[in-house]
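Before going through the details, take a moment to look over the sequence and the coordinates. The text below moves along one helix and then turns to a strand and its partners.

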Amino acid sequence: MIYLIITTCIENKHGIQNNDSRKTRYIDCIQQTLSLLQKQNSSIIPIIVENNGLRQTYLDVFDCDILYTNHNQKKNKYKGVNELLDIKEVISHYQIQDDDMIIKLTGRYKLFDLSFISLVESNPNKHAFIKFFDVYSQQYKQDDCVLGLFAIKCKYLKEFNYNEKDSSEREFAKYLNENVPSIMNVPQLSLEYCLGDDLSIVCV
């Protein structure tokens, strides 16, 4: 099975001035993703995870499962650590199996189409799909990667943990290069990337 885990943090304490913008962005991007899946009648299972605790939010209107966690309360050096904890809680809660494929999408990032998902579906023997790339320098780097959208067999996510000695992107790229046997380096994600709290846009 293939699961699409859409990660959200709709009450980011560092982006208070952008709350309305963040809300609009989340709704727009998630609606786009779910609409694309519905139009294609996809068998992908979408799950939204939100890490500010169980409560009613504007995410509840979406026609898919939502799991609320408390991981944003944890003080870690990089937000990627809390995001990984969210994903692992989804894995545990839904009893996702080791050989199932997980596609991770950051909720504030917009898919232009389903080309990445189609690539994952058509290559079942690959263990991971990633774009090795530095979004800030806009250059290919084998030791860096795009964390906004990737796919990986569940068992490798379960085995991975950040040590917070480098950026989340470089730590994950290093783990993939050293531990995952069959990786597809994806040149184009067809993804509109929304960087940090200033909401600047990059297409990758």
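The account starts with helix α1 and ends with the pairing around strand β7. The model is predicted.

Helix α1 covers residues 19–39. At 1.5 Å a residue, its 21 residues should span 30 Å, and the end C-alpha atoms are 30 Å apart, so the expected and the modelled length agree. Within α1, the buried residues are R22, R25, Y26, C29, I30, T33, L34, L36 and L37. Because these buried residues cover an arc of only 155° around the axis, they lie on the same side of α1. The underlying rule is that an α-helix has 3.6 residues a turn, so residues three or four places apart point the same way. On the face turned away from the buried side, α1 carries the exposed residues D20, T24, Q38 and K39. Just after the helix, N41 adopts a positive phi of about 55°.

Strand β7 comprises residues 149–153 and is mostly covered, with five of its five residues buried. Its side chains are split between two directions: L149, A151 and K153 point one way, F150 and I152 point the other way, and all are buried.

Which strands pair with β7? Strand β4 and strand β6 do. Strand β4, residues 101–106, runs antiparallel to β7 and is joined to it by five bridges. In that pairing, I103 has A151 as its bridge partner. Strand β6, residues 128–130, also pairs with β7 in the antiparallel sense, over two bridges. Here F129 stands opposite A151. A151 is thus met from β7 by both I103 and F129.

Key. Residues numbered from 1 in each chain as written. Predicted model: local features only at pLDDT ≥ 70, side-chain atom pairs only at ≥ 80, totals over all residues. Heavy atoms only, no water. Helix = DSSP H or I, 4+ residues; strand = E, 2+ residues; numbered from the N terminus. Expected span 1.5 Å × (residues − 1). Buried < 20%, exposed > 50% of the residue type's maximum accessible area, 1.4 Å probe, protein only. Arc of directions from axis to C-beta. Pairing = 2+ DSSP bridges.
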